[in-house]
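These are my notes on the model, set out as numbered points. Please read them alongside the sequence and the coordinates.

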Amino acid sequence: TGQSEQDLQAVTSSQVVGDIFIGLFSGELTRLTGMFRATEQSTASGWELLLEPRDPQVAAHIASILVRGGEHVDTIVLREGNGDRSEISLHVTAAR
């Protein structure tokens, strides 16, 4: 059952990450603040939003999410419960 537990964890993490991205890119911060404690701060180059899970079961998969930006979201850093870290950099490009 070790493999089925890993599969379930992957699905759960994917669902949570999907909800997070929907909340971030749609501007639905209430969706995020229901799932996470949110700490905002201004920086020299813009702003940061730190999201920390309210639910211990979610925290087992996602330790924190740091969103950085200026005019737009520039970077999303996802720290997983197992210590892994993923960083996504976003760049605005001109429309063709």
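1. A residue is called buried here when its relative accessible area is under 20%, exposed when that area is over 50%, and partly exposed in between. On that scale Glu 48 counts as buried, because its relative accessible area is 19%. The model is a predicted one, and every value below is computed from it. Within the chain of 96 residues, buried residues make up 23%.

2. On the overall fold, the chain contains 3 helices and 5 strands, and when these are read along the sequence they follow the pattern α-α-β-β-α-β-β-β. The helices include α1, which covers residues 2-26, and α2, which covers residues 29-35. Among the strands are β1 (36-43) and β2 (46-53), β3 (residues 62-69), and then β4 (residues 73-80) and β5 (residues 85-89).

3. The pairing of β1 with β2 is antiparallel and is made through 8 bridges, and the two strands are joined as a hairpin through 2 residues. Two of the facing positions can be picked out by eye: Thr 43 stands opposite Gly 46 in β2, and Glu 40 stands opposite Leu 49 in β2.

4. Strand β2 also pairs with β3, again in the antiparallel sense, and here 5 bridges join the two. Leu 50 stands opposite Leu 66 in β3, which gives a convenient position at which to check the register of this pair.

5. Further along the chain, β4 and β5 pair in the antiparallel sense over 5 bridges, with Glu 87 in β5 as the bridge partner of Val 77. These two strands form a hairpin with 4 residues between them, and Gly 83, which lies in the turn, has a positive phi of about 100°.

6. How many salt bridges are there? The count comes to 2. In one of them the side chains of Arg 68 and Glu 48 meet, with a distance of 3.2 Å from N to O. Arg 68 lies in strand β3 and Glu 48 in strand β2, so this pair ties together parts that are 20 residues apart in sequence. The two partners are classed differently by accessibility, since Arg 68 is partly exposed at a relative accessible area of 31%, whereas Glu 48 is buried at 19%.

7. The other contact of this kind is a salt bridge between Glu 87 and Arg 85, whose closest N and O atoms are 2.7 Å apart. Glu 87 is partly exposed, with a relative accessible area of 42%, and Arg 85 is likewise partly exposed, with a value of 43%. Glu 87 therefore appears twice in this note, as the partner of Arg 85 in a salt bridge and as the bridge partner of Val 77 between the strands.

8. The largest nonpolar core has 11 residues, namely Ile 20, Leu 24, Leu 32, Phe 36, Leu 49, Leu 51, Ile 62, Ile 65, Val 67, Ile 76 and Leu 78. At least two residues of this core are supplied by each of α1, β2, β3 and β4, and the largest share, 3 residues, comes from β3.

9. The largest pocket has a volume of about 220 Å³. Its lining is made up of 14 residues, of which Leu 24, Leu 29, Glu 40, Trp 47 and Leu 49 are the closest to its centre. Each of α2, β1 and β2 supplies at least two residues of the lining, and β2 gives the most, with 4 residues. By residue class, the lining divides into 9 nonpolar, 3 polar and 2 charged. Leu 24 and Leu 49, listed here among the residues closest to the centre of the pocket, are also members of the largest nonpolar core.

10. A last point concerns Phe 25, whose place is in helix α1. Is this residue buried or exposed? Phe 25 counts as exposed, because its relative accessibility is 52%. In space the C-alpha atoms of Phe 25 and Val 73 are 8.6 Å apart, although the two residues are separated by 48 residues in sequence.

Technical notes: Residues numbered from 1 in each chain as written. Predicted model: local features only at pLDDT ≥ 70, side-chain atom pairs only at ≥ 80, totals over all residues. Heavy atoms only, no water. 1 Å grid on protein atoms, 1.4 Å probe; cavity = no way out; pocket = protein on both sides within 12 Å on 5 of 7 lines; lining within 4 Å. Points joined across faces, edges and corners; volume = space filled by probe spheres on them. Nonpolar A, V, L, I, M, F, W, Y, C, P; charged D, E, K, R; others polar. Pairing = 2+ DSSP bridges. Salt bridge = Lys/Arg side-chain N within 4 Å of Asp/Glu carboxyl O. Buried < 20%, exposed > 50% of the residue type's maximum accessible area, 1.4 Å probe, protein only. Core = buried A, V, L, I, M, F, W, Y, C linked by side-chain atoms within 4.5 Å.
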